[in-house]
Amino acid sequence: DKDFTFTKPDGFFLRKKEYQAGESNYLLVNPGNTAKIRLGIVENYPKADVKFWSEALVLDAENRKYEKVKVIAITLPEINFSGQIYKISQDRFFFIVVSVKDEEIMIAEGIFQDKNKNCLRISTAFRADAEAFQE
C-alpha cells in the first residue's frame, strides 16, 4: 500500500508543530492568513464509499445555505477525490475534498478569500498529487 502525500501549495506556510499541538486549527496558511487548509484522516464509519460521503457533505453545505461555486472531481484508477468549493459569505470561500480507502476517509478542508488565485492553487495541488500517486 502506498501513502498519499499532499504537497504544500506555493505561497503557503506549513504550521505542523502548532497544528499537532492543537495551537492552530489549520496546518497550512498563507501570508496574511487569507487562506487556510487542514488535513485529516477519520474512520470510515458508517462504512461507505466516496460517493456517499460526498453526497453527505453536499447536504450539509446545503443545510448551511452555502452557495456551490465549483465541483472538484479527481477520478484515477487508484484514488478518487470528490469535493466542492462554496461561497460562504461575501468574500470568503470554503472547500472540502474527501477520498475513501477501506477503513479511512481522507479529508482536506479550508477557507480562503481570493477565489481565483487560491482555488486554482488548491485544486492544482490535489490533482498533481493524485496523478503522482498513480505512478
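Trainee: Which element gives the most residues to the lining of the second largest pocket?

Mentor: In this predicted model, that element is H2, with 4 residues. The general idea behind such a reading is that rolling a probe the size of a water molecule over the atoms shows where empty space is left. Here the second largest pocket has a volume of about 210 Å³. Its lining counts 14 residues, and Leu-57, Asp-60, Phe-94, Ile-96 and Glu-109 are the closest to the centre. Helix H2 (50–63), S6 and S7 each give two or more residues to this lining. By class, the lining holds 11 nonpolar and 3 charged residues, with no polar ones.

Trainee: How many residues line the largest pocket, and which of them are the closest to its centre?

Mentor: The lining comprises 31 residues, and the closest to the centre are Asp-3, Phe-4, Thr-5, Ile-41 and Met-106. The space in this largest pocket is about 670 Å³. S3, S5, S6, S7 and H3 each supply at least two of the lining residues, and the lining divides into 20 nonpolar, 4 polar and 7 charged residues.

Trainee: Several of these elements are strands. In what order do the strands of the open sheet lie, and with what pairing?

Mentor: Strands of a sheet pair through backbone hydrogen bonds, either parallel or antiparallel. In this structure, the open sheet has 7 strands in the order S1-S2-S3-S7-S6-S5-S4, and the pairing is antiparallel. Strand S1 (13–14) and strand S4 (67–75) form the edges, each pairing on one side only. For one pair in detail, take strand S3 (residues 35–43) and strand S7 (residues 104–112), which are joined in the antiparallel sense over 9 bridges. Within S7, Ile-105 is the residue opposite Val-42.

Trainee: Which residues of the largest nonpolar core touch the most other members?

Mentor: In soluble globular proteins, nonpolar side chains tend to be buried together. The largest nonpolar core here has 23 residues, and those touching the most other members are Phe-4, Ile-79, Phe-81, Ile-85, Phe-95 and Phe-112. At least two core residues come from each of S3, S4, strand S5 (80–89), strand S6 (92–101), S7 and helix H3 (115–134). H3 gives the most, with 5 residues.

Trainee: Which residues does Phe-4 touch, leaving aside those up to four places away in sequence?

Mentor: With that exclusion, Phe-4 is in contact with Ile-79, Phe-81, Met-106, Asp-129, Ala-130 and Phe-133. Apart from the largest core lies another, of 8 residues, including Ala-61, Tyr-86, Phe-94 and Ile-96. Phe-94 and Ile-96 have already appeared among the residues closest to the centre of the second largest pocket.

Methods
Residues are numbered from 1 along each chain as its sequence is written. This is a predicted model: local features need pLDDT of at least 70, side-chain atom pairs count only at pLDDT 80 or more; totals for chains, interfaces and linings use all residues. Side-chain values use heavy atoms; hydrogens and water are left out. Two strands pair if DSSP finds at least two bridges between them. A nonpolar core is a set of buried Ala, Val, Leu, Ile, Met, Phe, Trp, Tyr and Cys residues joined through side-chain atoms within 4.5 Å. Buried means under 20% relative accessible area, exposed over 50%, partly exposed in between (1.4 Å probe, protein chains only). Contact means heavy atoms within 4.5 Å. On a 1 Å grid over the protein atoms alone, a cavity is a set of points where a 1.4 Å probe fits but cannot get out, and a pocket is an open set with protein on both sides within 12 Å along at least five of seven lines; lining residues have an atom within 4 Å of a point. Grid points are joined across faces, edges and corners, and a volume is the space filled by probe spheres set on the points. Ala, Val, Leu, Ile, Met, Phe, Trp, Tyr, Cys and Pro count as nonpolar, Asp, Glu, Lys and Arg as charged, and the others, Gly among them, as polar.
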